[in-house]
Amino acid sequence: MSNQHSSLIWNTDYGNVTDVEHSIIEHLSKEEHRMHAIIYTKPNCPKCRLTDARLSMPHTTRLATDDDYTRFRAKGYQSMPVVQVYRGGTVVDEWSDLQVDSINRWNHA
């Protein structure tokens, strides 16, 4: 007796795909729409701590490096934190300082 696997074929808008292909495409599609933020902070920064505490969407907090500070200054930012909101791998919003309106907008998105 052989150990054969029958594979279901999905007929989709993008063609016929196997179970494995369909699973991979579904996973990537969900990741493409996943929202998350990175909060760049500096030591002893009350606005950074408040932003971290108030932003309820999934996020990561990172201590800004010298390269980050150079990049932020080039964008005209003069205070911390700097927040970047991502959908998939694309930045869809960015701000510096404690921006309660921006935090609330993303908390309710």
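**Reading strand S3 and its surroundings**

Reader: When I look at S3 and strand S5 (residues 82–87), in which sense do they pair, parallel or antiparallel, and over how many bridges?

Author: S3 and S5 pair in the antiparallel sense, and the pairing extends over six bridges. To follow one of these bridges in the model, which is a predicted one, begin at alanine 37, whose bridge partner in S5 is valine 85.

Reader: S3 is also joined to strand S4 (residues 59–63), so how many bridges are there, and do the two strands run parallel or antiparallel?

Author: Here the strands run parallel, and five bridges join S3 to S4. A residue to start from is isoleucine 39, which has threonine 61 as its bridge partner in S4.

Reader: Which helix belongs with S3 and S4 in a β-α-β unit, and what is the handedness of that unit?

Author: Handedness is read with the strands pointing away from the viewer, and a path that runs clockwise from the first strand over the helix to the second is called right-handed. In this case the helix is H2 (residues 46–54), and together with S3 and S4 it makes a right-handed β-α-β unit.

Reader: Is S3 (residues 35–41) mostly covered or mostly open, and which residues lie on each of its faces?

Author: Judging cover needs a cut-off, and a residue is called buried when its relative accessible area is under 20%. By that standard S3 is mostly covered, since seven of its seven residues are buried. Met35, Ala37, Ile39 and Thr41 are buried on one side, while His36, Ile38 and Tyr40 are buried on the other, which leaves both faces of S3 covered. For the protein as a whole, 31% of the 109 residues count as buried.

Reader: Which cysteines form a disulfide, and how far apart are their sulfur atoms?

Author: In general, a disulfide is a covalent bond between the sulfur atoms of two cysteines. The structure holds one disulfide, formed by cysteine 45 and cysteine 48, with their sulfur atoms 2.3 Å apart. Both cysteine 45 and cysteine 48 are buried.

Reader: Why is the disulfide of cysteine 45 and cysteine 48 called right-handed?

Author: It is called right-handed because the torsion about the S-S bond of cysteine 45 and cysteine 48 is about 75 degrees.

Reader: How many helices and strands does the protein have, and what pattern do they follow along the sequence?

Author: The protein has four helices and six strands, and when they are read along the sequence the pattern is β-β-α-β-α-β-α-β-β-α. As for its surface, the protein exposes about 7700 Å², of which carbon and sulfur atoms supply 50%.

Technical notes
Residues numbered from 1 in each chain as written. Predicted model: local features only at pLDDT ≥ 70, side-chain atom pairs only at ≥ 80, totals over all residues. Heavy atoms only, no water. Buried < 20%, exposed > 50% of the residue type's maximum accessible area, 1.4 Å probe, protein only. Pairing = 2+ DSSP bridges. Disulfide = S-S within 2.5 Å. Areas by Shrake-Rupley, 256 points an atom, 1.4 Å probe, with all protein chains shown as cover.
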